[in-house]
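Here is a walk through this protein and its ligands, written to be read with the structure open beside you. We begin with one residue pair and work outward from there.

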Amino acid sequence: MKLTTLMETLHIYQLTNSMEDITINKLEMDSRNIERGDLFICIPGYTVDGHDFAHMAEEKGAAAIIAERPLPVSIPVIVVNDSQRAMAKLANHFYHYPTQHMHLVGVTGTNGKTTTSYLLETIFQQDKKKTGLIGTIQMKINNEAFEVNNTTPDSLFLQKHFAQMVDSQVENAVMEVSSHALDLGRVHGCDYDVAVFTNISQDHLDFHKDMDDYVRAKSLLFSQLGNTYKQTPKYAVVNRDDAYYQTFIKSTAQEVITYGIEHECDIRAEQLQLGAKGTTFTLSTPVGSVEINSPLIGKFSVYNILAAASAAIVSNVSLDTIKKAMEQTSGVSGRFEPVLAGQDFGVIVDYAHTPDSLENVLQTIKQFANNKIHVVVGCGGDRDTTKRPLMAKVAVQYADNVILTSDNPRSEDPVSILQDMEAGIEGQAYQVVVNRRDAIELAITQASEDDVVLIAGKGHETYQEVHGERSHFDDREVARECIASKM
Ligand SMILES: CC(=O)N[C@H]1[C@@H](OP(=O)(O)OP(=O)(O)OC[C@H]2O[C@@H](n3ccc(=O)[nH]c3=O)[C@H](O)[C@@H]2O)O[C@H](CO)[C@@H](O)[C@@H]1O[C@H](C)C(=O)N[C@@H](C)C(=O)N[C@H](CCC(=O)O)C(=O)O
Ligand SMILES: Nc1ncnc2c1ncn2[C@@H]1O[C@H](COP(=O)(O)OP(=O)(O)OP(=O)(O)O)[C@@H](O)[C@H]1O
Ligand SMILES: N[C@H](CCC[C@H](N)C(=O)O)C(=O)O
Ligand SMILES: [Mg+2]
């Protein structure tokens, strides 16, 4: 694309050199990936400043640079106030506004985004749609999976892959929208048709200054809904049972659909029966009622089903299709995933890494457990430190045998993370085993018939990051190995 054409989307900028006759090969925010003819966008990051790599980009053949200040290079520099924001607009323009050509659902909230997104993808596939999905575990285009580094990647990645989805005839896409992404403008220009709110509880207070700031960031998905190009109806899908529901409703000028269990709302789960092997309820909606028999377990799973079903209903999917999809799905990788290796006790791997999700999962296990509950849990390093004592407190409140261990300590000292966790425990018994494999092994060794071992925090993850080094680690694999050596 001609640089002059690309720049039509930016209205306020200064230019240090003529940009006539420059053709842009692709947009790039990382100097290490620059190829001849690319437009390099300098982003001031949390670790380094992209402006410091302008020389490298020039040497590698960049045709021009977007920056927040003039730079000593000989290629044209286009100076903007906010290069993240400019990048989102340029990426959208460069890839021809791909989200205008699909039905796009964004899911935000503290817990349940990944699960709700997968449930919705299953419903859309049951509805015979070509689908796209972007989230914590991976990106999917129809049934092909691709790796992602963030739950909600940067705008360049997003628009590029939305364009790939358009090329693959994707009709319906669903994505998780993290509070970081909303705050950093990664999703500016994404033309959502439906915004879904799951719930709010404490997380990410390292990044956001307090809960109000965190909720404000999440609510941007709703305030920005319809703030785009496609003139189609937009819907805000809101959990009526969450304490913050009003904030999300008031943030949007679009049509609101509420869902829930406890309160009067548009889409509701009635005659709810929570069982150890699955859940049954009547999905009561403005377009009729249908009975759902889901293999998913726990009240929190019902909320995820309701969120997905509500988004599907406003996306014109029939109740019959929703029912079929919800009865066939076997759940999401690493979310309340049982490890079945012939043992006479239960082992569950779950991605609970917040106080609220840990409490939900332990409450669910407690409801059905016939014997002792063991929990192996840690907290991530370089993340919200205030959730550490709270997670430990929840663990001792519900479990009979608590083993505190390492999650992904990242750059932090594993022992000091554990000390932060221990500060939340007053008087109750617990064990500390720094090495995660040893901790899992201990729990499995100590488990007796009909006990349940919950291995929390890492779910689908297939690595562990200790002292900044990543190595292969999969809770499910380790659990299987420990069960095998016990038998
Ligand atoms: C705090 C944060 O969000 N960081 C994100 C940010 O990284 P950063 O600011 O450290 O980037 P940086 O390394 O300083 O680099 C700045 C710029 O210089 C460029 N650069 C750098 C080196 C070089 O040699 N040349 C060069 O051009 C980089 O490409 C970049 O454009 O930009 C990166 C690229 O987009 C992100 O991958 C990275 O996410 C990191 C991995 C991260 O951990 N983010 C978490 C906090 C996050 O965003 N989580 C949310 C929510 C998770 C959930 O609850 O589900 C998510 O959406 O994933
Ligand atoms: N609706 C819910 N309410 C509370 N807890 C939930 C809910 N759904 C799932 N959980 C718990 O939270 C964990 C994470 O679920 P999920 O991956 O779906 O959430 P997420 O919002 O995508 O998380 P992340 O922010 O890490 O991407 C699950 O393993 C489970 O323990
Ligand atoms: N999206 C979350 C995932 C946390 C998962 C946990 N295993 C950890 O590494 O802290 C985060 O980046 O904070
Ligand atoms: Mg997720």
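## A pair to start from

Gln-273 has Thr-280 as its bridge partner in strand 15. The two strands involved, strand 14 (residues 267-274) and strand 15 (residues 279-285), run antiparallel and share 5 bridges. Keep in mind as you look around that this is a predicted model.

## The 11-stranded sheet

Zoom out from that pair and you find an open sheet of 11 strands with mixed pairing. Reading across, the strand order is 9-8-7-10-6-11-12-13-14-15-16. Strand 9 (144-146) and strand 16 (288-294) sit at the edges with a single partner strand each, so one side of each has no neighbour in the sheet. From one strand to the next, the twist averages 15°.

Helix 9 packs on this sheet. Its contacts take in strand 6 (103-108), strand 11 (194-197), strand 12 (235-239), strand 13 (255-260), strand 14, strand 15 and strand 16. Compared with the direction of strand 14, that of helix 9 makes an angle of about 150°.

## The whole protein

How many helices and strands are there in the protein? The count is 15 helices and 24 strands. The radius of gyration is 24 Å, close to the 23 Å that the globule rule gives for 487 residues, so the protein is as compact as a globular protein of that length. Along its principal axes, the C-alpha trace spans about 75 × 55 × 40 Å.

The domain assignment splits the protein into domain 1 (3-94), domain 2 (98-328) and domain 3 (337-486). The centres of domain 1 and domain 2, taken over C-alpha atoms, are 33 Å apart. Their contact draws 9 residues from domain 1 and 8 residues from domain 2. On the domain 1 side, helix 3 (residues 83-94) gives the most, with 7 residues. By class, that side of domain 1 has 5 nonpolar, 2 polar and 2 charged residues.

## The six-stranded sheet

There is also an open sheet of 6 strands, in the order 17-18-22-19-20-21, again with mixed pairing. Strand 17 (337-338) and strand 21 (431-432) are the edge strands, each pairing on one side only. Strand 17 pairs with strand 18 (residues 346-350) in the antiparallel sense over 2 bridges, and Pro-338 stands opposite Ile-348 in strand 18.

Helix 11 packs on this sheet, where it touches strand 18, strand 19 (373-377) and strand 22 (452-456). The direction of helix 11 makes about 170° with that of strand 22. Helix 15 (residues 475-486) lies across strand 17, strand 18 and strand 22, and runs at about 160° to strand 18.

## Ligand 1

Which residues are closest to ligand 1? Of the 20 that surround it, the closest are Asp-30, Gly-45, Thr-47, Asn-150 and Ser-178. Sorted by class, the shell around ligand 1 comes out as 6 nonpolar, 11 polar and 3 charged residues.

Domain 1 (3-94) and domain 2 (98-328) both give residues to the shell, so ligand 1 lies between them.

## Ligand 2

Ligand 2 has 22 residues around it, and Gly-112, Lys-113, Thr-114, Thr-115 and Ser-357 come nearest. The shell divides into 5 nonpolar, 12 polar and 5 charged residues. Domain 2 (98-328) and domain 3 (337-486) each contribute at least three residues to the shell around ligand 2.

Helices 9 and 11 turn up again here. Together with helix 4 (113-126), helix 9 (299-314) and helix 11 (355-368) each supply at least two residues of the shell around ligand 2. Helix 11 gives the most, with 4 residues.

## Ligand 3

What surrounds ligand 3? The residues are Thr-151, His-353, Gly-380, Arg-383, Asp-407, Asn-408, Gly-457, Lys-458 and Glu-461. The shell around ligand 3 has no nonpolar residues, 5 polar and 4 charged. Among the charged residues listed around ligand 3 are Arg-383 and Glu-461.

Conventions:
Residues are numbered from 1 along each chain as its sequence is written. Chains are lettered from A and ligands numbered from 1 in the order in which they are written. This is a predicted model: local features need pLDDT of at least 70, side-chain atom pairs count only at pLDDT 80 or more; totals for chains, interfaces and linings use all residues. A residue is near a molecule or strand if its C-beta atom, placed from the backbone, lies within 6 Å of it. Domain bounds come from an automatic or database domain assignment. Two residues are in contact if their C-beta atoms, placed from the backbone, lie within 7 Å. Two strands pair if DSSP finds at least two bridges between them. Axes are lines fitted to C-alpha atoms, for helices over the stretch in contact, and angles run from 0 to 180 degrees between N-to-C directions. The radius of gyration is taken over C-alpha atoms; the globule rule is 2.2 Å times the number of residues to the power 0.38.
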